[in-house]
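Visitor: Could you take me on a close look at the cavities inside this protein, and at the disulfides too? I work at the bench, so please be as concrete as you can.

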Amino acid sequence: GSCQGNSVERKIYIPLNKTAPCVRLLNATHQIGCQSSISGDTGVIHVVEKEEDLNWVLADGPHPPYMILLDGNLFNRRVMLQLKGTSRVSGLAVAIAKPSPPQGFSPGLKCPNDGFGVYSKDYGPQFAHCNKTVWNPVGSGLSYEDFDFPIFLLEDANETQVIKQCYQDHNVPRDGSGPEYPLCAMQLFSHMHAVTSTVTCMRRSSLQSTFSINPEVVCDPLLDYNVWSTLQPINSSGKVDPEKEVIIVATRIDSHSFFWNIAPGAESAVSSFVTHLAAAEALHKVSDIHLLQRNIMFTFFQGETFDYIGSSRMVYDMEKDKFPLRLDNIHSFVELNQVALRNDSILWMHTDPVSRMNESVEVQVRNLLSILSDSSVGANVTLQEAGYSQPLPPSSFQRFLRARHIPGVVLTDHRTAFQNRYYQSMYDTPENIRLQYPEGLSPEETLEYVTDTAKSLAEVATVVARALYRLAGGANNTSAIQADPKTVSRMLYGFLIKMNNSWFQSIIKPDIKGILGDVPQHYVAVSSPVNTTYLVQYVLANLTGTVVNLTKEECLNPEKTPSSEKEMYEYAWVQGSLDPNSTSRVPYCVRSTVHLSKALSPAFELRQWGSTEYSTWTESRWKEIRARIFLVASKELEIITLVVGIAILIFSLLATYFINAKADVLFSVPRDPGAVAY
């Protein structure tokens, strides 16, 4: 039978396993986020469900410091700054609000990525720092504050209930006076190794690497990979002919929230990149794509939330000739931003008023806008111009404009401020984009169920695909170009509800099947590639590639096959779907034009850790992150226990000493009376 140790620790502590910490991030000048002391922070639990409950913590309670269990609806800037300004708080556990706060909640900035886009004192100064349009009015900037106590999110309602029960049993104030000991306490561990700024932590890590045999790195740059592919194959290791024009279609694939690796990003990222993937599939089904005079490049940028990491790196690589394309090859730029929350099916087309003052750019932009508008005729989407006097919303396109005047348009569901009231927050969930499924469906049925959200995003993808076909020089009727709502449904389910589903399992390589966790998160992180990057890569390959008749050996080593055109295509040996009659899979080889390119800010390549031109975000390292609750005795009882323990110790030492000193008397062996001496 199995035997299980019944340790003292398990009798004392209840661990909280489903939590997400707030961690420390750093840039060129600041540190943001949270941390605990090196041995963790402990405090008596107090449940705060309404603002009046704060008085007990901040003034009346006799047992500070307190660990607050905060209701999600009170997790806002005003309350947090009150708690930040007192020494009576040792940490915070936040219970997620259900339903999401109706007034909206965004811990991001009112002006996202301010200072790293195109607008500055030298370029459209009237638009710099969101002077003209505040894009995220709900933004509280809470994610960009620095807290010197730990803050954890409680993801499991059952664990929240356990804490509340412990509080009810032991900590509820009786008749206005403090509760009796023992009290229920919580301990949070999230000590961060990096301090001050990226400049400081990178310098320390660099010194350690130079002089130490066992260097201790204290922070890591946020990095990952961009995913890109082309409609017509190009030589990924060579250079595209300078005369060849390419249209870039772009979206971001990352999001963020106050808590580490909690980034559902339904509206801020997923809605747009799923639409982009569906448009790519629709275009690849067109029969005459090889005849188009312009190529189309589908680009998915990673790390855009943190001052445009992915797009700034691609522009840098293009300028330094480290990418197959140069900036001169770009004919035009179409970006899909937040597109799921449309009012009256209107999609807004944003352009840059500054570059449009140049006549040739203006002509090309007008052509771009008219092709997009014409493509929406007959579709359930209306495209409208946002207005000539309005700047671009935060977008990857801004990084390309910093390098040169490129005609481009950014498509969004908002004319001015974001429709998304949960931008960069834990509440930017499937519910936020009205993704609903009927009750009682099995996972397989849910994966295939075509929701209204999927239909509406497929309509946007159809319009975009038709417009791109026309832009690339396509002359045929575009009515046959149609995005598939079924594909969109599968992608929404996989990227928002459950990554570990049968479709995703069938399209990835066997050696990375471990990436398929349950609830998808889209934070860029420091270990790459992250799940989102891998999945976007393989979904794009599945939707736009072709199945080729190669063996596993040939597929894994295409350079050995003369006809493989290794520099034009990427090959992947994927798991395939389950054989209906057995538990084994039927793997196959996919050939596609999907590539990865580095999304690491050029600031780290150039070792310019204090850069104001490029993103400098790093994430601190930490040793352990955990949370637990337990009962704590009064100080008096602890002191009495200690004193009694010391007294017993001294008594036992003295007793041992005397027994040892008189051992010959106490333990002498009596003579045997029958023994006779001769």
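Guide: Here is a walk through the cavities, followed by the disulfides. Please keep in mind that this is a predicted model.

Let us start with the empty space. Searching the whole structure turns up three cavities of 30 Å³ or more. The largest cavity holds about 150 Å³ of space. Its lining is made of 20 residues, and those nearest the centre are C111, D114, Y119, C130 and Q398. Sorted by class, the lining of this largest cavity has 13 nonpolar, six polar and one charged residues. Where do these residues come from? Domain 1 (7–191 + 625–636) and domain 2 (223–494 + 595–600) each supply at least three residues to the lining of the largest cavity.

The second largest cavity has a volume of about 120 Å³. It is lined by 13 residues, with V23, L25, H256, S257 and F258 closest to its centre. Eight residues of this lining are nonpolar and five are polar, while none is charged. The second largest cavity lies between domain 1 (7–191 + 625–636) and domain 2 (223–494 + 595–600), because both domains give residues to its lining.

Now to the disulfides, beginning with a pair you have already met. C111 and C130, both among the residues nearest the centre of the largest cavity, are joined to each other by a disulfide with an S to S distance of 2.0 Å. The torsion about this S-S bond is 85°, and the link of C111 and C130 is right-handed. Both C111 and C130 sit in the loop between β7 (89–95) and β8 (146–147), so the pair ties together parts that are 19 residues apart in sequence. Are these two cysteines buried or exposed? C111 has a relative accessible area of 14%, so C111 is buried. C130 also counts as buried, because its relative accessibility is 11%. The cut-off behind both calls is that buried means under 20% relative accessible area.

A disulfide also links C22 to C34, with 1.9 Å from S to S. Here the torsion about the S-S bond is about 90°, so the disulfide of C22 and C34 is right-handed. C22 belongs to the loop between β2 (19–21) and β3 (25–26), whereas C34 is in strand β4 (residues 31–34), so this pair ties together parts twelve residues apart in sequence. C22 and C34 are both buried.

Further along the chain, C555 and C589 form a disulfide whose sulfur atoms are 2.0 Å apart. With 80° about the S-S bond, the link of C555 and C589 is right-handed. This disulfide joins a helix to a strand: C555 lies in helix α15 (residues 552–556) and C589 in strand β21 (residues 588–592), so the pair ties together parts that are 34 residues apart in sequence. Both cysteines, C555 and C589, are buried.

Finally, the pattern for the whole protein. How many disulfides are there? The count comes to five. Counting the bonded cysteines along the chain, the disulfides follow the pattern 1-2, 3-4, 5-6, 7-8, 9-10. If you turn back to the structure now, C111 and C130 make a good place to begin, as a disulfide joins them and they lie among the residues nearest the centre of the largest cavity.

How values were computed: Residues are numbered from 1 along each chain as its sequence is written. This is a predicted model: local features need pLDDT of at least 70, side-chain atom pairs count only at pLDDT 80 or more; totals for chains, interfaces and linings use all residues. Side-chain values use heavy atoms; hydrogens and water are left out. On a 1 Å grid over the protein atoms alone, a cavity is a set of points where a 1.4 Å probe fits but cannot get out, and a pocket is an open set with protein on both sides within 12 Å along at least five of seven lines; lining residues have an atom within 4 Å of a point. Grid points are joined across faces, edges and corners, and a volume is the space filled by probe spheres set on the points. Ala, Val, Leu, Ile, Met, Phe, Trp, Tyr, Cys and Pro count as nonpolar, Asp, Glu, Lys and Arg as charged, and the others, Gly among them, as polar. Domain bounds come from an automatic or database domain assignment. A disulfide is a pair of cysteine sulfur atoms within 2.5 Å. Helices (H or I, at least four residues) and strands (E, at least two) are DSSP runs, numbered from the N terminus. Buried means under 20% relative accessible area, exposed over 50%, partly exposed in between (1.4 Å probe, protein chains only).
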